Amino acid sequence: MVKEQNLQGKKILIVEDESHIAEGVAFNLKKEGFEVKIAVNGVEALDFWKNYKPDLLILDLMLPLLDGFGVLEQIRKVNQKIPILILSARNQAADKLRGFKEGVDDYLTKPFELDEFLARVQRLLLRSSWNKGEDGEVEDNLGDSYRFGPHVINFKEHLAVTPTKTFQLTEQEIKLLKLFFMNPQKALSREDLLNAGWGYTGQMETRTVDNFIVRLRKYFEEDNKKPRYFKSVRGKGYMFYP
Ligand code: CA
C-alpha cells in the first residue's frame, strides 16, 4: 500500500520492451496501489501517453520503433511537467547527462533495488502533486493568456484579440499556438506540428501543416509574404519569433 493516501490510484505508464522486466515492475507498482499500463515500443508509448494520460512515466531507452530519447523529446515539447524516470541498462554518464538535459526527472540503472525504485517513484509523484496543487491539470507554463506583438491569445476562452478584430480559435489552433509559444526561436518540424495538432501519425500529409501556417499568418501577420512571427526555416519547418 502506498503510504501517502493521495498517491493511491495514480496512473503509471511503463515503457519497456522486455516483458519480464515490464511485468515485474508492473506487479510491484500495482501492489503499492498504483494503476499501471505497459507500452512495448516508443510509438505505443506516445499513443498511451496521450490516451491513458498517466501521472508518471517509467521509460526504458533502448526500444523498438522509437527509442526512449525520441519519446522523451516528443513529450517534453508539449508537456514539461509529467515526471519521467528513465530505467535503463545504459549506465554511462553521457546517457544520464543527455537524459537530464532533455528533461528527465530521475535516472535509475538496471539492475536496480526494488525499494529504491519504489521510493523514487513515490517522491516524483508527491513532488508533482505539490506542484500541481489540489486538482490542477496544468500541462504548460503559459498561464491563461499569451501576448506577442499587438496580439493576445486567451487560452481559456479560445480567443484571439488582434488590433483589428477579436475572434474564436479552434482547439487545434490553440494546441499548435501553445507549441510555438513554448518553443520560441526553435525550429519545429512539420512532423512536430502534426504530432501536436493531429496526434502522432508519422505519415500524414505535411501539406496540412503548411495550410495551417498560412491561416496563422493571415490572422497575425501584417504582411503574410514577409512574416514576422511565424517564419519558415528552410529544410526544417517553422519557427516562432515572439
Ligand atoms: Ca529495452
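This is a short tour of a predicted model, stop by stop, with something to select at each one.

**The whole chain**

Start with everything on screen. The protein chain has 8 helices and 11 strands. Measured out along the principal axes, its C-alpha atoms fill a box of roughly 60 × 40 × 30 Å. Of the 242 residues, 47% count as buried. Now think about how the chain folds back on itself: taking contacts with a separation of 6 or more, 56% are between residues 24 or more positions apart.

**The calcium ion**

Select the calcium ion next, and show the side chains of D17 and D60 along with the backbone of M62. Which atoms coordinate the calcium ion? D17 and D60 each do so through OD, and M62 through O, at 2.2 to 2.3 Å. Along the chain, these donors follow the spacing D-x42-D-x1-M. Trace the two aspartates back to their loops: D17 lies between β1 (11-15) and α1 (19-31), while D60 lies between β3 (56-59) and α3 (68-78), so the pair ties together parts that are 43 residues apart in sequence.

Turn on the surface here. Is D60 buried or exposed? D60 has a relative accessible area of 4%, under the 20% cut-off, so it is buried. D17, at 33%, counts as partly exposed.

**Helix α3**

From D60, follow the chain forward into α3, residues 68-78. This helix is mostly covered, with 9 of its 11 residues buried. Select G68, F69, G70, V71, L72, Q74, I75, R76 and K77 to see the buried ones. What do they pack against? Their neighbours are α2 (42-52), β3, β4 (84-88), α4 (93-101), α6 and α7.

**Helix α6 and its two partners**

Two of those neighbours make the next stop. Select residues 171-182 for α6 and 190-198 for α7. The two helices pack at an angle of about 135 degrees, and their axes are 8 Å apart. That angle falls outside the ranges for parallel, antiparallel and perpendicular, so the pair is called oblique. The crossing of α6 past α7 is right-handed. To see the contact itself, show Q172, K175, L176, L179 and F180 on the α6 side, and D192, L193, A196, G197 and W198 on the α7 side. By class, this contact has 6 nonpolar, 2 polar and 2 charged residues.

Keep α6 selected and add α8, residues 207-220. Here the angle is about 80 degrees, with the axes 12 Å apart. That makes α6 roughly perpendicular to α8. From α6, the residues to pick are E173, L176, L177 and F180; from α8, they are F212, I213, R215, L216, Y219 and F220. This contact divides into 8 nonpolar, no polar and 2 charged residues.

**Strand β2 and I38**

Move to strand β2, residues 35-39, and select I38. I38 counts as partly exposed, at 27% relative accessibility. Leaving aside residues up to four places away in sequence, I38 touches L13, I14, E16, A22, E23, A26, E44 and F48. Draw a distance from I38 to V15 as well: they are 23 residues apart in sequence, and their C-alpha atoms are 5.9 Å apart.

**Out to E222**

For a contrasting distance, jump to E222, in the loop between α8 and β10 (230-233). E222 is exposed, with a relative accessible area of 88%. Draw a line from E222 to I12: these two are 210 residues apart in sequence and 46 Å apart in space, C-alpha to C-alpha.

**Backbone details**

Finish with three spots on the backbone. Most residues other than glycine have a negative phi, and most peptide bonds are trans.

- **K53:** in the loop between α2 and β3, K53 has a positive phi of about 50 degrees although it is not a glycine. K53 counts as exposed, at 55% relative accessibility.
- **Q185:** look in the loop between α6 and α7. Phi of Q185 is near 55 degrees, a positive value in a residue other than glycine. At 51% relative accessibility, Q185 counts as exposed.
- **K110 and P111:** the peptide bond from K110 to P111 is cis, with omega near -5 degrees. P111 is in the loop between β5 (106-109) and α5 (114-132).

Technical notes. Residues are numbered from 1 along each chain as its sequence is written. This is a predicted model: local features need pLDDT of at least 70, side-chain atom pairs count only at pLDDT 80 or more; totals for chains, interfaces and linings use all residues. Side-chain values use heavy atoms; hydrogens and water are left out. Axes are lines fitted to C-alpha atoms, for helices over the stretch in contact, and angles run from 0 to 180 degrees between N-to-C directions. Helices (H or I, at least four residues) and strands (E, at least two) are DSSP runs, numbered from the N terminus. Angles under 35 degrees count as roughly parallel, over 145 as roughly antiparallel, 65 to 115 as roughly perpendicular and the rest as oblique. A crossing is left-handed if the near helix is turned anticlockwise from the far one by less than a right angle, and right-handed if clockwise. Contact means heavy atoms within 4.5 Å. Ala, Val, Leu, Ile, Met, Phe, Trp, Tyr, Cys and Pro count as nonpolar, Asp, Glu, Lys and Arg as charged, and the others, Gly among them, as polar. Donors are N, O and S atoms within 2.8 Å of the metal (3.2 Å for Na, K and Ca); water is not among the atoms, so sites may look incomplete. Buried means under 20% relative accessible area, exposed over 50%, partly exposed in between (1.4 Å probe, protein chains only).
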